[in-house]
Amino acid sequence: SATATASVTPLPTVIPGPEIDQQLVGDDGKKTLWVIFVAMVIASAGFAALSWRVPIQRRLYHVITTLILIFASISYFAMATGHGVSVHKTVIRHQKTTFPTLHHGRTPVFWARYVDRALTTLILLHDLSLLAGLNGAHIIMAVVADVIMILTGLFAAFGSEGTPQKWGWYAISCISFLVVIWHLAVNGRAQANARSQKVGSFFLAIAGYTLVLWTAYPIVWGIADGSRKLSVDAEIIAYAVPDVLAKPIFGLWLLITHANIPETNIDLGGFWSYGFGGE
Ligand code: RET
């Protein structure tokens with residue numbers, strides 16, 4: 001009848017769900033942050049100690065590898081104390097029935113990670129570039145791509161939740177990551193092979209290891225920070241594992257091999273030793 005037609009309300013397209021409580025860092029997350037902080041401090045001291053055992057002219061890898069651990073320690077201290085964290089509004093869409101339910105909430109964004117990554121990935125790239133013997137032009141291109149990768153990752157992290165733009169930043173970051181990979185896999189490998197067979201095969205192994213570990217970051221980001229499918233604590237642990245493998249374990253491998261393969265020595269034309277040379 002006419003009255004029934006008039007009372008028909010339009011079907012909802014989205015059902016507002018209950019607010020999700022602010023997601024907090026739990027005990028497991030806090031413990032993990034403090035444990036990794038302590039591990040990074042010990043590793044910093046360990047690498048600094050290792051560097052004293054070699055003459056200054058051959059300490060370049062030691063110095064820059066120690067810096068990676070110092071930056072990581074600072075970042076983990078910031079996160080563990082709760083200062084390197086910002087609270088961010090979240091929107092989570094659940095497609096439970098025909099109509100999606102929207103939940104609003106709050107979640108921490110660990111911005112200190114991005115400061116750490118900006119510095120440490122640059123240094124790690126220099127470790128690999130120096131090992132391969134890449135020229136300055138290629139190093140600069142890889143470095144610029146790396147900075148774009150981390151900064152657009154930061155923009156993605158702070159982008160409004162549930163928007164395509166957030167994934168747009170993520171996509172730009174992933175493309176920059178591919179540019180970094182390109183420089184290492186193609187130019188880096190060619191240069192390393194040109195230096196010597198030993199350097200070539202070591203570069204292949206350690207750059208391959210780096211590539212696998214670095215790929216873990218965008219995957220964890222997509223699941224945790226992008227799709228919000230992990231708890232805050234699970235996210236902390238999921239980043240802690242590659243952080244330990246990509247920083248202290250990478251550094252240890254690099255320095256031990258450097259000590260055993262003299263061909264990995266680099267000549268910065270007197271810059272590093274201020275031209276005095278000698279042992
Ligand atoms: C983000 C998010 C956006 C997409 C991509 C990312 C890549 C991050 C990488 C981080 C590497 C960090 C390391 C830290 C420790 O030393 C920013 C997560 C591609 C590759 C190695």
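Hi everyone, let me start with a term: pLDDT is the predictor's confidence in each residue, from 0 to 100. Here the protein averages a pLDDT of 89, and 92% of the residues score at least 70. The model scores ipTM 0.97 and pTM 0.88.

Two notes on reading it. Residues are numbered from 1 along each chain as its sequence is written. This is a predicted model, where local features need pLDDT of at least 70, side-chain atom pairs count only at pLDDT 80 or more, and totals for chains, interfaces and linings use all residues.

Now, the ligand. Its shell has 19 residues, the closest being Gly153, Ser173, Phe177, Tyr217 and Pro218; a residue is near if its C-beta atom, placed from the backbone, lies within 6 Å. Helices H4 (112-132), H5 (136-158), H6 (164-195), H7 (197-226) and H8 (232-260) each supply at least two shell residues. Helices here are DSSP runs (H or I, at least four residues), numbered from the N terminus.

Next, helix H2, residues 27-52. How far apart are its end C-alpha atoms? They are 38 Å apart, which agrees with the 38 Å expected for 26 residues at 1.5 Å a residue, taking 1.5 Å times one less than the number of residues. The buried residues of H2 include Leu33, Ile36, Phe37 and Met40, buried meaning that 20 or more other C-beta atoms lie within 10 Å of a residue's own, all placed from the backbone. An α-helix has 3.6 residues a turn, so residues three or four places apart point the same way.

Finally, an unreviewed UniProt entry lists residues 33-54 among its "transmembrane region" spans. That span is 91% helix and 0% strand. Thanks, everyone!

Notes
Buried ≥ 20, exposed ≤ 12 C-beta atoms within 10 Å, placed from the backbone. UniProt positions renumbered as here; feature names shortened; annotations may be inferred.
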